[in-house]
Amino acid sequence: ESTGAGMMDCKKALVEAEGDFDAAIDILRKKGQKVAAKRADREASEGLSIAKSVADNSYGIVLEVNCETDFVSQNADFSTFANSVADYALENKVADKDALLASPWEGKTLGEICVEKTAVIGEKIEVSNYALVASEGVAAYNHGANRIGVLVALNSNEDAAIAAGKDLAMQIAAMNPVAVDEDSVSQEVKDKELRLGREIAEQEGKPEAMLDKIAQGKLKRYFKDNTLMAQSFVKDGSMNVAAFLKTVSPDLKVKSFTRFQLGA
C-alpha cells in the first residue's frame, strides 16, 4: 500500500533489507520498481482532519481527531466534538498538543474526556496531531470530507494573498510536496537522492564519468516533482507555483506549510 509495488517484490526487498522498511523502499527504487515511497496514500485511520484560521488570518490551527471506524467518523456527535475541539484550540491559541490535551473541558481535561468517550463508544478516540501556525497571513483548507487539513503561512494578509494561499493549500493537499523549495529540503534527503540516482545510473550501465552528472539531474527532477515552488500549478499547468505567486504579487512568499492527512 505504501509503495505500489507488487507484494512478492516488497517481500523480497524486506528480506534483503533485513526488515528495514526505509532500506527496502530504496532497494525497490534501485531495481526500477515504480515506487511512490512513504508519501503515497495508505490505508487511513478514521476521524477528521480540521484546519481553521482566525478572521484576520494572523494564525491558524490544524488537528486530527481520530477514531477507529468510518461509521464513528461520520457520526454527527463525533463531528461536533472534533469541531468543538478545533474551535477551542483556535479561540484560545493553544500552543501545542500537550497543552490542548491538558485544557479544561466539561470539568475535566480534554485528554480525560477522550478516554471517557473511548469507554462509551468502544473505539479509541484521540487527538493524534495538532499544530498552531502564526504568520503575517495564514490560509486554511480542508480537503476530501476532512481527510486532509492544510495551513499555509504567507508573508502577507492581503485578500489576494490569502486567496492565493488557499489555492496553494489545495495544491499541497493534492500533490503532497516535501518542502517549500529545494533550499528547504534537508541535506540528508539530498544526499540520499544523489546516492540513489548514482546507483540507478550505475545499474543501467552508464559510464563512470557520467554517474555524478546523471545523479545531479535526477536530484533536480526530484526537486521539480516534490517541492512546492517547482511543482506545476494545478490550476494552470502552463506555470509552476513560483511563477503563479509572482502573478499575484512580486513580493508574495510562502514561509511554510503544514499538512495533516488521516493515516499518513
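# Close-up views of a predicted model

**View 1. Helix α1, a hardly covered stretch.** Helix α1 (residues 7–16) is hardly covered, with a count of one buried residue among its 10 residues. As in every view below, what you see here comes from a predicted model. Just past this helix, look for E18: α1 is followed by this residue, whose phi is positive, near 55 degrees.

**View 2. The largest nonpolar core.** Welcome to the largest nonpolar core, which has 25 residues. The residues with the most contacts inside this core are L63, F81, L100 and L110. Several elements contribute: β1, β2 (59–67), α4, α6 (110–121) and β5 (126–134) each supply at least two of its residues. Which element gives the most to this core? That is α4, with seven residues. To get a feel for the packing, start from L110. Not counting residues up to four places away in sequence, L110 touches F81, V85, L100, L101, S103, W105 and V127.

**View 3. A second core.** Elsewhere in the model there is a second, separate core of 23 residues. Its members include A164, V180, V241 and L252.

**View 4. An aromatic pair between α4 and β3.** The structure holds four aromatic pairs, and this view shows the one made by F81 and W105. Why is this pair called edge-to-face? The ring centres of F81 and W105 are 6.3 Å apart and their planes stand at 85 degrees, so the pair counts as edge-to-face. F81 lies in helix α4 (residues 76–92) and W105 in strand β3 (residues 104–105), so the pair ties together parts that are 24 residues apart in sequence. Are F81 and W105 buried or exposed? Both are buried. Add Y88 to the picture and you have one aromatic cluster, formed by F81, Y88 and W105. F81 has a charged companion too: K117 lies over the face of its ring, at 4.7 Å from the ring centre.

**View 5. A salt bridge between R147 and E46.** With 12 salt bridges in the count, there are several to explore, and this one pairs R147 with E46. The closest N and O atoms of R147 and E46 are 3.3 Å apart. R147 lies in the loop between β6 (137–143) and β7 (148–154) and E46 in strand β1 (residues 46–53), so the pair ties together parts that are 101 residues apart in sequence. The two partners sit in unlike surroundings: R147 counts as partly exposed, at 29% relative accessibility, whereas E46 is buried, with a relative accessible area of 13%.

**View 6. A salt bridge between K124 and E126.** Here K124 forms a salt bridge with E126, and the closest N and O atoms are 3.7 Å apart. K124 is partly exposed, with a relative accessible area of 47%. E126 counts as partly exposed as well, at 30% relative accessibility.

**View 7. A salt bridge joining helices α8 and α9.** The side chains of D212 and R198 meet in a salt bridge, at 2.7 Å from N to O. This pair links distant parts of the chain, with D212 in helix α9 (residues 211–226) and R198 in helix α8, 14 residues apart. D212 is partly exposed, with a relative accessible area of 48%, and R198 counts as partly exposed at 26% relative accessibility. Another group to find is a network of D26, K192 and R195, joined by salt bridges that share partners.

**View 8. G197, a buried glycine in helix α8.** G197 is found in helix α8 (residues 187–203). With a relative accessible area of 2%, G197 is buried. Which residues does G197 touch, not counting those up to four places away in sequence? They are A215 and K218. G197 and K218 are 21 residues apart in sequence, yet 6.0 Å apart in space, C-alpha to C-alpha.

**View 9. C114, a cysteine without a disulfide.** How many disulfides does the count give? It comes to zero. A disulfide is a covalent bond between the sulfur atoms of two cysteines. For C114, the closest cysteine sulfur is in C67, 11 Å away, and that is too far for a bond; the cut-off is 2.5 Å. C114 is buried, with a relative accessible area of 4%.

Terms used
Residues are numbered from 1 along each chain as its sequence is written. This is a predicted model: local features need pLDDT of at least 70, side-chain atom pairs count only at pLDDT 80 or more; totals for chains, interfaces and linings use all residues. Side-chain values use heavy atoms; hydrogens and water are left out. Buried means under 20% relative accessible area, exposed over 50%, partly exposed in between (1.4 Å probe, protein chains only). Helices (H or I, at least four residues) and strands (E, at least two) are DSSP runs, numbered from the N terminus. Contact means heavy atoms within 4.5 Å. Rings of Phe, Tyr and Trp (its six-membered ring) pair if their centres lie within 6.5 Å; planes under 30 degrees apart count as stacked, over 60 as edge-to-face and the rest as tilted. A charge sits over a ring if NZ of Lys or CZ of Arg is within 6 Å of the ring centre and within 35 degrees of the ring normal. A salt bridge is a side-chain nitrogen of Lys or Arg within 4 Å of a carboxyl oxygen of Asp or Glu. A nonpolar core is a set of buried Ala, Val, Leu, Ile, Met, Phe, Trp, Tyr and Cys residues joined through side-chain atoms within 4.5 Å.
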